[in-house]
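Here are my notes on the model you sent, in numbered points. Please read them with the structure open.

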Amino acid sequence: MCFSLFRELSWLPKSPPDFSLRCRALVDNPIDFGRRLQGLASFRLDENQLNHLAKLTTIARKAGADLQPLVPFRLAVLSNSTADFIIPTLVGTAARHGIALECIKADYDQVIQQALSPESVINRAKPDGVLLAVDYRALPLGCQLGSREEAANVVRQALSFIETARTGLKANSNVVCIVQTIAPPAERLFGSLDRVLPGALRYVIERVNIGLAESIVGTEDILLDVAGLAETVGLAEWHSPTEWNLAKLAFSNSYLPLYADHVARVLAALRGKSRRALVLDLDNTLWGGVIGDDGIEGIQCAQGDPAGEAYLSLQRLVLDLRARGIVLAVSSKNNDETARLPFREHPEMLIREEHIAVFQANWNDKATNIKAIAKELSLGVDSLVFLDDNPVERNLVHELLPEVAVPELPSDPALYARTLAAAGYFESIRFSDEDLKRARYYQDNAKRVGLQTAAGDVDAYLASLEMEITFQPFDETGRGRITQLINKSNQYNLTTKRYTEAEVAVAERDTDFFTLQVRLSDRFGDNGMISVVICRQHADSEWEIDTWLMSCRVLGRGVEQMVLGEILHHAERRGIRKLIGSYRPTDRNKLVRDHYSKLGFTQVRRDADGSTVWELQTETANVAETAMKVRRLDFGPHREASRRVTAHA
Amino acid sequence: METAEIYQEFTKIFHDVFNDDSIVVRPDLAANDVEGWDSLSHIRLVLTVERSFGVKFSASEISKLKSVAGLVDLVRSKQSDS
């Protein structure tokens, strides 16, 4: 996992199977080319796919297509290795970061000549920036072992090589130089002593890198920490002797997408396109568990518990980001009060309410909330990163607000922090006093923004989820999970009646009861059992809905309407004329206060404690169902074929 | 892996590397038959084959390659090594 995180850029969504078809569609119909190119570039692409995007860009440019909203950047590449592989990968990757990149290539291994001659290809091209892609093989690093003076001399010479190139480029073209640190080779001469002994390659390169970093300070040039990148993936992975011998590749082509992404981040930062704010989901993202169901004692975010520590490490990273000027916001499907509880009362939570600039906890879809957050912060949605463990939420935001960066997260929360950091959304080339002040500016805010109109076509998105809902009466196999849900669910629970497994078994067998266990799957996987219903028959023609609960994970997906449709379906076949539902308020289930009203029931009673009773005549009931496939299992002699509900207008 | 399966995988690789879904991969397919098959894309092709089959070739093995059939044989010999 950690390994492929960097090689495959696993924070990006997987490329779709029809990727090359989509590429072709872009050529055939270049309308809105820039935006669509950026969309394609935002997938997890290998070198070949990135090359395709580079070709498409060249074709489009020749045809005079408008590349808006991509911002143009002309980059010259000066290298002692083969730049031909780097350049198309850079062009494809830059689109991901909002840059329409054009590259100018100098001949192989002509760094100093190109920099110093005013008539060189590079200097004549008047680029916006120059990438000095120089690796250790370009520098005169050979040195007598053991001599401190001579080693210092060699370090000076190496630095002056780079300095000469920079000065020449500045004098001739007045461009920004992107200077790379040097990744040392994996091979050692003595062993660990290489770091101690003056003149050993590792000793020298370490000092060259320090010198390079210092030489950047106070200039407008930028450091690209290739040494750090190689360290992260491992030097033996980074350098491929075979590939160097074969084609003078300074590092293994497997890491081209990663390298290109790092170059593109820097270019994007130069053009002011870095992300500014981080929008956080709460349940199972910032802490383990569901605050509305598990309560303050039940959620995991404490030291001494491996799961809790995983979430704390993400919280620590988030706070560090805030300290460097990244604005924090929350988007959670919760009641506002419930969602704020851990921030206020959990003793080990690191993030507190005062760290959050905008706090959106409601039951709206997240795309809508994220738009509201952007508006409140006066930022474009393209400045936002959205972190959520739930693939359905991630995908909704990705589809409806493609400008928002939405990292894919691995299943293990211990890797959340690493994944978020690896994605490099907040790459920055300077750090200023303003950045420091920004955190203070949003102090003590945690502002809540009113509900907004929907951000996009949520129904169409739901239809694209390929949901399949399965209805089944209680049975022995499901009994354990049914009992667990009955005793655990707090939020989407109309009556919060708790039953033992023995009592559930009675409902399973007794013909006075009609029961439902409901499962939901979609193209992201199986959500398991997500809803439970128990109806008790009164008189001949009435069902009282004794229990109706649902997992909040599937909120906003039309499940409750489908469940009502299913109840009505069976009620009709058994001569039931009336459904009676009730809502019993607790301190956790405000969410479902209007459940029956939304489903078209009529209120018939209201008690002093806020309890309400509702009725629905089965003959006149009218349910708006969502597009999903319905499966029915084990409804005895009345067993019927599956039905399919298609999208409603 | 059977030769037929290798050719199937090769077809996908050729389509990816040369950005052309119409290429039919045959044993005697050569650089002249495919638009854009130059020395650079040849390296890309070989490295993509390495990644996709999880094998590694030496520089001399790569420089000796003359045809698709040779590359398929090389993949097979590496797979039987492991």
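1. A residue counts as exposed if 12 or fewer other C-beta atoms lie within 10 Å of its own, as buried if there are 20 or more, and as partly exposed in between. By that rule A:Asp634 is exposed, because 10 other C-beta atoms lie within 10 Å. The model is a predicted one, and the remarks on local features depend on a pLDDT of at least 70.

2. A:Asp634 also deserves a look for its backbone. Its phi is near 60 degrees, a positive value in a residue other than glycine. A:Asp634 sits in the loop between strand S17 (628-632) and strand S18 (643-645) of chain A.

3. A second aspartate has a positive phi: for A:Asp32, the angle is near 55 degrees. This residue belongs to the loop between helix H2 (19-28) and helix H3 (33-41) of chain A. Is A:Asp32 buried, partly exposed or exposed? With 14 other C-beta atoms within 10 Å, A:Asp32 is partly exposed. As background, most residues other than glycine have a negative phi, and most peptide bonds are trans.

4. The peptide bond between A:Gln68 and A:Pro69 is cis, with omega about 0 degrees. A:Pro69 is placed in the loop between helix H4 (47-62) and S1 of chain A.

5. On the division of chain A, the domain assignment lists domain 1 (13-69), domain 2 (72-270), domain 3 (277-456) and domain 4 (466-645). Between the C-alpha centres of domain 1 and domain 3 of chain A the distance is 31 Å.

6. One open sheet of chain A has five strands in the order S2-S1-S3-S4-S5, and the pairing is parallel. Which strands are at its edges? They are strand S2 (99-105) and strand S5 (222-224) of chain A, each of which pairs on one side only. On average, neighbouring strands of this sheet are turned by 30 degrees against each other, direction ignored. Strand S3 (residues 129-133) and strand S4 (residues 176-180) of chain A run parallel and are joined by four bridges. One bridge partner pair is A:Gly129 with A:Val176, the latter in S4(A). Helix H5 (residues 86-96) of chain A packs on the sheet, where it touches strand S1 (71-79), S2 and S3 of chain A. The direction of this helix makes about 165 degrees with that of S2(A).

7. Another open sheet of chain A is made of four strands, ordered S8-S7-S6-S9, with parallel pairing. Strand S8 (358-362) and strand S9 (384-387) of chain A each have a single partner strand, so one side of each is left without a neighbour in the sheet. Here the average turn between neighbouring strands is 15 degrees, direction ignored. Strand S7 (residues 327-333) of chain A runs parallel to S8(A), and five bridges join the two. Within this pairing, A:Ser332 has A:Ala361 of S8(A) as its bridge partner.

8. The largest nonpolar core has 142 residues, and A:Leu78, A:Leu132 and A:Ile370 have the most contacts inside it. Helix H13 (residues 256-270) of chain A supplies the largest share of this core, ten residues. Leaving aside residues up to four places away in sequence, A:Leu132 touches A:Leu78, A:Ile162, A:Ala165, A:Cys177, A:Ile178, A:Val179 and A:Gln180. Another core, of 43 residues, lies apart from the largest one and includes A:Met467, A:Phe471, A:Tyr596 and A:Met628.

9. How many residues does each chain give to the contact between chain A and chain B? Chain B gives 13 residues and chain A twelve. On the side of chain B that touches chain A, helix H1 (3-18), helix H2 (39-53) and helix H3 (59-64) of chain B each supply at least two residues. H2(B) gives the most, six residues. By class, this side of chain B has six nonpolar, three polar and four charged residues.

10. A last remark concerns B:Phe53, in helix H2 of chain B. B:Phe53 is partly exposed, because 18 other C-beta atoms lie within 10 Å. Not counting residues up to four places away in sequence, B:Phe53 touches B:Val75 and B:Gln79. B:Val34 is 19 residues from B:Phe53 in sequence, and the two are 22 Å apart in space, C-alpha to C-alpha.

Technical notes. Residues numbered from 1 in each chain as written. Chains lettered and ligands numbered in written order. Predicted model: local features only at pLDDT ≥ 70, side-chain atom pairs only at ≥ 80, totals over all residues. Contact = placed C-beta atoms within 7 Å. Nonpolar A, V, L, I, M, F, W, Y, C, P; charged D, E, K, R; others polar. Domains from an automatic or database assignment. Core = buried A, V, L, I, M, F, W, Y, C linked by C-beta atoms within 7 Å. Pairing = 2+ DSSP bridges. Axes fitted to C-alpha atoms, helices over the stretch in contact; angles between N-to-C directions.
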